[in-house]
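Colleague: I would like to learn how to read the features of a protein model, one at a time. Could you take me through this one?

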Amino acid sequence: MELLVDHSLDMDASLLGGQAHRWRLEGTEAEPWFSGVVRGNFIRLRQVDTNRVEFHASPWPESSVIPVLQHYFRLDDDLPSIQKDISHDWRVREMVEKYPGLRVLRQEPWECMVAYICSANSNIQRIHQVLENIAKAFGNPVELDGQVRHTFPTPVQLVEAGEMELRRLGLGFRAPYVDRATREVVEGSLDLNALVRMPYPPAKERLMECYGIGTKIADCIAVFSLEKLEAFPIDVWVRRALGEWYFPGEKPPPDREMLAWAQGYFGQYAGYAQQYLFHGRRLQKRSRKGEDKSEAAEGSK
C-alpha cells in the first residue's frame, strides 16, 4: 500500500537522523527499505519518490496504518510554512534547501521518554541495541514478511523488569532512571498524556523532576513526542553549530543561555530549526578526527 505526502518526505534523514531509535535500513542500495515498529505495528517502508511511500505492515490492516504513519511523520504540519518561518536564518535556510524532506517525528511519549533516558552518555548504535534488548525481553512479538520484531513494552510490562534486569539488558547506570520513571508512570504520578496538553515550561519542569532527566533529555522528549515544537535540545552537535555559526570567536555561553537565545531567535518552531542544524552539522563534519568519539561520549541527542 502507498502513503501519499503533500510535501516532500526524506525518510533517510527523518528516520535515521538521530530522532528515533528502532528503525533499521534493509534491502539494497538501489532499493532500500526501512524497518521499524510503531504503535504496535511492524512496518516496512520504501520511498518511491519525495511524495510517495510504499509500505507493508502487520498486524493491523494496512489501510488502518495510514493514519498512524500520517501522525508519526507529522504530515498534518504545514511544512512549507514552518520552513519559511525558520529560514529567516541563512544557515537554517541552507539546511532546508539540502534536506527539504527532513521532518520532526511525532513519537509515542512513553517509548520516546525511555529512549532518551537511555541516550545519556551513549551513542546511536548502543541506544538502538538497548531498546531492542528491552523490546525482545518484555514486548510482544509481531511478524511481517517472515521477520519477527517486538513491540515496545508498556509501562506495566516493563515495571516487572526492575533495576537489575535492566542493567543486564545493557542500560548500565541508566537502569535506575528507567526503573524509577516506569514506576512513576504505572503509579500515575507521571501522566505523559497530560504533558502533551500542558504548556511547554511546566511540561519540561515536570519531566525534569524525574530521576535522571536533565534539560537536554527533557527537551528531546518534549519536541519529539509532546507537541512542544518550541523545545530546542542542545547536544554536542547543536552546541558546536551554535558556537561556530552564531558566536564565532567568542567563548560559547552556557547551555541555558544558548537555549534562551535560540528559542527567542527561532521562535515557535525552534525544534524544527534545531533538527535541521543538528542533522546538517552532524553530517557536515562528523568525519573530522575525534568527532565520532565526542558523539559516543555525549549521545545522539
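**Loops and unusual backbone angles**

Modeller: Asparagine 121 is found in the loop between helix 5 (109-118) and helix 6 (124-138). Please keep in mind throughout that this is a predicted model.

Colleague: What is the phi of asparagine 121, and is the residue buried or exposed?

Modeller: The general idea is that most residues other than glycine have a negative phi, and most peptide bonds are trans. In asparagine 121, phi is near 50 degrees, a positive value in a residue other than glycine. Asparagine 121 is exposed, with a relative accessible area of 52%.

Colleague: Where is glutamate 227, and what is its phi?

Modeller: Glutamate 227 lies in the loop between helix 12 and helix 13 (236-246), and its phi, near 70 degrees, is again a positive value in a residue other than glycine. With a relative accessible area of 32%, glutamate 227 is partly exposed.

Colleague: Is the peptide bond from serine 58 to proline 59 cis or trans?

Modeller: That bond, from serine 58 to proline 59, is cis, with omega near 10 degrees, and proline 59 has its place in the loop between strand 5 and helix 2.

Colleague: Let us turn to the sheet. In what order do the five strands of the open sheet lie?

Modeller: One general point helps when you look at a sheet: in a regular strand the side chains alternate between its two faces. Here the open sheet of five strands has the order 1-5-4-3-2, with antiparallel pairing. Its edge strands are strand 1 (2-4) and strand 2 (24-27), each of which pairs on one side only, and the twist averages 35 degrees from one strand to the next. Helix 2 (residues 62-72) packs on this sheet, where it touches strand 1, strand 3, strand 4 and strand 5 (52-58), and its direction makes about 120 degrees with that of strand 5.

Colleague: How many bridges join strand 3 to strand 4?

Modeller: Strand 3 (residues 32-38) and strand 4 (residues 41-49) run antiparallel and are joined by five bridges; to find one pair by eye, look for serine 35, whose bridge partner in strand 4 is arginine 44.

Colleague: And which strands form a hairpin with two residues between them?

Modeller: Strand 6 and strand 7 do, and aspartate 145 in the turn has a positive phi of about 50 degrees. Four bridges join strand 6 (residues 141-144) to strand 7 (residues 147-150), the two running antiparallel, and leucine 144 stands opposite glutamine 147 in strand 7.

Colleague: How should I read the packing of helix 11 and helix 12?

Modeller: Two packed helices are described by the angle between their axes and the distance between the axes. Helix 11 (residues 200-208) and helix 12 (residues 215-225) pack at an angle of about 125 degrees, with their axes 9 Å apart, which makes helix 11 oblique to helix 12. Residues making the contact include Tyr200 and Leu207 of helix 11 and Ala218 and Ile221 of helix 12, and helix 11 passes helix 12 in a right-handed crossing.

Colleague: Finally, how many disulfides does a search of the whole structure find?

Modeller: The search finds zero disulfides. Cysteine 118 is in none, and the nearest cysteine sulfur, that of cysteine 112, is 11 Å away; cysteine 118 counts as buried, at 3% relative accessibility. For cysteine 220 the closest cysteine sulfur, in cysteine 112, is 7.6 Å from its own, too far for a bond, and cysteine 220 also counts as buried, at 0% relative accessibility.

Technical notes:
Residues numbered from 1 in each chain as written. Predicted model: local features only at pLDDT ≥ 70, side-chain atom pairs only at ≥ 80, totals over all residues. Heavy atoms only, no water. Pairing = 2+ DSSP bridges. Disulfide = S-S within 2.5 Å. Buried < 20%, exposed > 50% of the residue type's maximum accessible area, 1.4 Å probe, protein only. Axes fitted to C-alpha atoms, helices over the stretch in contact; angles between N-to-C directions. Parallel < 35°, antiparallel > 145°, perpendicular 65-115°, else oblique. Left-handed = near helix turned anticlockwise from the far one by under 90°. Contact = heavy atoms within 4.5 Å.
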